[in-house]
Structure formats: C-alpha cells, structure tokens
Amino acid sequence: MTTATNSVNSMTSQFSEDQQQVLIVEDEPNISSFARMYLEAAGFDVLVAERGDEGLELAEKEKPDLVILDLMLPGMDGYEVTKRLRQDGQIPIIMLTARDDPVDKVVGLELGADDYLTKPFNPRELVARARAVLRRAEAPPEGPTAPENTVLEVDTLRVEVGGREVFVDGEGISLTPKEFDLLVALIENRGLVLTREQLLERVWGFTFLGDSRTIDVHVRQLRRKLGDACPIQTVWGTGYKVAADR
Ligand code: CA
C-alpha cells in the first residue's frame with residue numbers, strides 16, 4: 001500500500017483535466033490509504049488531508065469534485081467542515097461515521113452531506129457511492145420532472161420549480177436541494193401515498209442501504225421551515241402524501 005498522506009500537493013499536476021478529483025479528509029492513515037487505492041484504481045485523482053482545517057483549506061484551494069469526510073477529526077470536526085463548505089458552494093460530500101450511530105447520520109444529512117458510510121466500509125461500496133453522488137451532482141434530472149416554468153401551489157405555499165424557490169404567503173423560504181426535491185416530488189404526486197423507498201429513489205436517485213430515516217429527517221425539516229403551510233401528511237406505516245384536495 002502506498003503512503004497516503006504526505007505528498008498532497010505534488011499529486012495534483014500529473015493528472016489530466018477531465019479526471020475527477022476526490023478529496024479524502026481522514027485522520028486514520030490506514031483508512032485513507034485504503035480508500036485512496038480503490039479510488040485511484042477507479043480513475044479518480046485523489047487528495048488526502050489528515051486534519052479538518054487542512055481539509056477545508058485544501059477544498060477551497062483545489063475545488064475537488066467530491067469530498068469524503070470523516071466525522072471525528074483533529075483541527076475541525078466533520079460537522080464544522082460540512083457547514084463551512086456549504087456556506088460557499090455545493091461540493092458533494094460523503095460523510096464517514098465511526099460507528100453505526102443514527103444520530104451522526106441524521107445530523108450529517110441535516111447539515112447537507114449527500115451521503116454517508118459507516119466505518120468499516122467496503123471500499124467498492126465507497127467507489128460506487130462516489131460515482132453515484134458525482135453522477136447526481138453533474139446531471140440533476142433527479143427530482144422534479146415538471147417543466148422548468150411550472151409553479152406548484154398548495155394553499156399559501158408556492159413552489160417555483162425552475163427557480164427552485166419556495167414561498168409561504170409571498171415570503172421566501174430557504175430549503176436545501178434535497179428538501180426542495182422532496183417537497184416537489186410529493187406535490188407533483190398529490191393524492192398518492194409515496195413510500196420512503198420511492199422517495200429515496202426519486203430524490204436521491206438510489207436507495208440508501210435500508211435507511212428510510214433520511215426521509216423522516218427531511219420531512220421534519222420541511223415541517224419546521226414551512227410551518228402550517230407544509231402540506232405533507234404522514235401515512236402511518238406507509239409513507240407520506242400531499243392530499244389531492246388541498
Ligand atoms: Ca477520525
């Protein structure tokens with residue numbers, strides 16, 4: 001196995017323009033070198049940082065296509081790095097969590113990570129997730145199928161699909177991309193119950209391994225942000241819907 005963490009800057013120049021770049025921020029060298037080996041074999045240009053603050057700096061400097069981010073890091077933790085990265089861009093983020101702790105996942109997703117993996121992970125799974133996340137980031141035909149100029153209205157809620165803007169009583173509400181897509185998917189299918197799996201498939205483009213809680217978290221956020229104007233109803237034991245007559 002090659003050394004993973006030393007020659008960060010020297011690694012960038014030898015790769016061609018169209019090669020996609022992945023930044024791994026991970027303080028455990030055995031994990032980062034393992035991940036690097038598989039990602040490089042899959043054709044990615046890989047950068048590695050060991051500390052959270054270094055990772056953030058490198059992300060801002062190199063503008064990688066994807067960041068794979070450990071949660072517990074020296075310097076700055078993964079939550080904080082995600083928050084900072086989200087302030088000035090939409091670089092896709094896959095978060096690594098140390099153990100199967102649903103709280104970590106939920107918080108990570110709420111902060112805006114695009115996916116997560118629990119350590120120890122299968123490196124092939126990591127490569128597959130990286131490709132999936134990049135595919136979604138490049139081609140956002142995910143989510144709304146309505147024409148760009150479509151405006152969806154439910155009572156006091158107004159959704160401008162093309163501009164990706166949401167208003168309640170004329171006042172703009174700030175939603176994350178996933179919250180927006182989830183809301184549109186449900187409104188477009190007004191009157192139908194959509195299962196969590198259908199929503200994952202529709203909004204995330206694939207199924208998180210058995211983790212339908214992701215949907216619950218995003219619905220909770222939508223309800224919090226939209227208040228009484230949130231048209232999403234829970235259908236116990238099945239999923240969610242927006243009533244046809246609203
Ligand atoms: Ca760590």
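**Exercise 1. Among contacts in the chain between residues at least 6 apart in sequence, what percentage join residues at least 24 apart?**

Solution. Keep in mind that this is a predicted model. Start with the elements: the chain holds 8 helices and 12 strands. Now take the contacts between residues at least 6 apart in sequence: 59% of them link residues at least 24 apart. To round off the chain-wide view, buried residues account for 50% of its 246 residues. The accessible surface is about 11800 Å², with 49% of that belonging to carbon and sulfur atoms.

**Exercise 2. Find the residues that coordinate the calcium ion, then work out whether Asp 70 and Met 72 are buried or exposed.**

Solution. Step one: look around the ion. Asp 27 and Asp 70 each coordinate calcium through OD, while Met 72 uses its O, at 2.1 to 2.3 Å. Step two: check the spacing of these donor residues along the sequence, which reads D-x42-D-x1-M. Step three: apply the cut-offs, under 20% for buried and over 50% for exposed. Asp 70 has 2% relative accessibility, so it counts as buried. Met 72 comes in at 51%, so it counts as exposed.

**Exercise 3. Describe the span of helix α6 and how enclosed the helix is.**

Solution. First, the span: α6 covers residues 177-188, and its 12 residues reach 16 Å from first C-alpha to last, close to the 16 Å expected at 1.5 Å a residue. Next, burial: 10 of the 12 residues are buried, so the rest of the structure largely encloses α6. The buried ones include Lys 178, Glu 179 and Asp 181, along with Phe 180, Leu 182 and Ile 187.

Note on methods
Residues are numbered from 1 along each chain as its sequence is written. This is a predicted model: local features need pLDDT of at least 70, side-chain atom pairs count only at pLDDT 80 or more; totals for chains, interfaces and linings use all residues. Side-chain values use heavy atoms; hydrogens and water are left out. Donors are N, O and S atoms within 2.8 Å of the metal (3.2 Å for Na, K and Ca); water is not among the atoms, so sites may look incomplete. Buried means under 20% relative accessible area, exposed over 50%, partly exposed in between (1.4 Å probe, protein chains only). Helices (H or I, at least four residues) and strands (E, at least two) are DSSP runs, numbered from the N terminus. The expected span of a helix is 1.5 Å times one less than its number of residues. Contact means heavy atoms within 4.5 Å. Accessible areas come from the Shrake-Rupley method with a 1.4 Å probe; for residues, only the protein chains shown count as cover.
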